[in-house]
Amino acid sequence: SYSTMGLKSVPICTEISRTILFRFNEFSLQSLSNLLWSFAVQKYYNTTIINLICEQDWSINREGVNKSMQRQIYLGFIGWFIETSTKSNSNLIRFTSFSECKSAFFDEPSYPSFLQTEVSNILKLLSLEHDVEYKVNEGFVIDIVFKNIKFAIEVNGPSHFTSREYYSFDGSTIFKNRILKCLGWNVLSIPYYDWDNLQNEEQKIKYLSSKLPSYLFKKPIN
């Protein structure tokens with residue numbers, strides 16, 4: 001729950017890690033997939049635990065395994081690989097079901113939201129060519145991109161926040177933004193609570209123009 005809410009606690013992760021190492025066989029597959037995803041969100045990477053979890057059989061034919069769990073396992077692994085690993089030590093992890101878990105993540109459908117489409121339409125009025133629902137090599141889908149310069153716009157609706165009072169990003173959004181930045185993307189967030197306060201097209205154009213870096217307007221994008 002800490003990770004889902006976007007909260008970080010190294011002491012809790014450390015204590016859970018000790019428990020996993022001593023009582024690994026007592027954890028269900030669902031618990032293990034939840035924990036690997038949670039650790040990735042927390043940016044808490046214990047190679048021994050990652051290896052113990054990834055070397056399990058995560059194929060869909062195994063009783064108790066589902067696509068959601070496969071996606072969690074892939075995200076836990078890819079977070080470790082991107083944020084702490086290099087090609088020279090990637091073989092430290094024995095990920096026996098990597099291809100299937102990767103496919104579960106890559107094959108998850110995504111569709112542009114109404115808010116995302118509105119932002120895209122304003123960009124078109126500004127004569128800024130862009131792509132929507134752009135999938136990077138690691139499988140993450142970015143709402144709007146200027147791909148040649150790796151500038152990303154994430155249009156964040158209410159589901160990306162833990163509270164409508166404090167507007168804090170949830171764990172999934174924090175993790176995704178962090179990974180995209182590690183991959184070299186400059187990420188701009190357009191939150192729904194800003195966009196919803198804009199009354200007309202003119203205000204939306206002015207808002208986006210103020211948020212976008214000036215270099216987008218000075219040279220060809222694609």
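**Exercise 1. Place Trp58 in its surroundings.**

Task: List the residues that Trp58 contacts, leaving aside neighbours within four places in sequence. Then find the core to which Trp58 belongs.

Solution.
Step 1. Setting aside neighbours within four places in sequence, Trp58 contacts Leu29, Leu32, Ser33, Ile53, Val65, Met69, Gln70, Ile73, Ser97 and Cys101. The model is predicted.
Step 2. Now look at the core. Trp58 and Phe140 have the most contacts inside the largest nonpolar core, which has 41 residues.
Step 3. Ask which elements build this core. At least two residues each come from helix 1 (10–23), helix 2 (29–42), helix 3 (47–54), helix 4 (67–84), helix 5 (98–106), strand 2 (141–146) and helix 7 (171–182).
Step 4. Look for a further core. Another one, of 21 residues, lies apart from the largest; Leu126, Phe146, Leu198 and Leu216 are among its members.
Step 5. Set this against the general rule. Nonpolar side chains tend to be buried together in soluble globular proteins.

**Exercise 2. Check the cysteines.**

Task: How many disulfides does the structure hold? Account for Cys54 and Cys101.

Solution.
Step 1. The count is 0 disulfides.
Step 2. Take Cys54. The nearest cysteine sulfur is that of Cys101, 7.8 Å away, and Cys54 is in no disulfide.
Step 3. Take Cys101. Its nearest cysteine sulfur is that of Cys54, at 7.8 Å, and Cys101 is in no disulfide.
Step 4. Apply the cut-off. A disulfide needs two cysteine sulfur atoms within 2.5 Å.
Step 5. Add burial. Cys54 has a relative accessible area of 0% and is buried. Cys101 is also buried, with a relative accessible area of 0%.

**Exercise 3. Work through three salt bridges.**

Task: How many salt bridges does the structure hold? For Arg94, Arg178 and Lys176, name the partner and decide whether the pair is buried or exposed.

Solution.
Step 1. The structure holds 8 salt bridges.
Step 2. Start with Arg94. Its salt-bridge partner is Glu55, and the closest N and O atoms are 2.7 Å apart. Arg94 sits in the loop between helix 4 and helix 5, Glu55 in the loop between helix 3 and helix 4, and the two are 39 residues apart. Arg94 is partly exposed at 47% relative accessibility. Glu55 is partly exposed too, at 28%.
Step 3. Go on to Arg178. It forms a salt bridge with Glu83, with the closest N and O atoms 2.7 Å apart. Arg178 is in helix 7 and Glu83 in helix 4, so distant parts of the chain, 95 residues apart, are linked. Both residues are buried.
Step 4. Finish with Lys176. Its side chain meets that of Glu154 in a salt bridge, 2.8 Å from N to O. Because Lys176 lies in helix 7 and Glu154 in strand 3 (residues 151–156), the pair ties together parts 22 residues apart in sequence. Lys176 is buried at 17% relative accessible area. Glu154 is buried at 2%.

**Exercise 4. Describe the largest pocket.**

Task: Give the volume of the largest pocket. Which residues lie nearest its centre?

Solution.
Step 1. The largest pocket holds about 840 Å³ of space.
Step 2. Its lining has 28 residues; Glu108, Ser110, Val141, His160 and Lys176 lie nearest the centre.
Step 3. Assign the lining to elements. Helix 4, strand 1 (131–135), strand 2, strand 3 and helix 7 each give two or more residues.
Step 4. Link back to Exercise 3. Lys176, one of the residues nearest the pocket centre, is in a salt bridge with Glu154.

**Exercise 5. Compare Val119 and Lys204.**

Task: Where do Val119 and Lys204 sit, and what do they touch?

Solution.
Step 1. Val119 is in helix 6 (residues 114–125). Its relative accessibility is 0%, so Val119 counts as buried.
Step 2. Beyond four places in sequence, Val119 contacts Ile144, Val155, Ile190, Trp195 and Leu208.
Step 3. Measure along the chain and through space. Val119 and Ile205 are 86 residues apart in sequence, yet 9.2 Å apart from C-alpha to C-alpha.
Step 4. Lys204 belongs to helix 9 (residues 201–211). At 14% relative accessibility, Lys204 counts as buried.
Step 5. Beyond four places in sequence, Lys204 touches Glu118, Ile122, Trp195 and Leu198.
Step 6. Trp195 is a contact of Val119 and also of Lys204.

Definitions and conventions. Residues numbered from 1 in each chain as written. Predicted model: local features only at pLDDT ≥ 70, side-chain atom pairs only at ≥ 80, totals over all residues. Heavy atoms only, no water. Buried < 20%, exposed > 50% of the residue type's maximum accessible area, 1.4 Å probe, protein only. Core = buried A, V, L, I, M, F, W, Y, C linked by side-chain atoms within 4.5 Å. Helix = DSSP H or I, 4+ residues; strand = E, 2+ residues; numbered from the N terminus. Contact = heavy atoms within 4.5 Å. Salt bridge = Lys/Arg side-chain N within 4 Å of Asp/Glu carboxyl O. 1 Å grid on protein atoms, 1.4 Å probe; cavity = no way out; pocket = protein on both sides within 12 Å on 5 of 7 lines; lining within 4 Å. Points joined across faces, edges and corners; volume = space filled by probe spheres on them.
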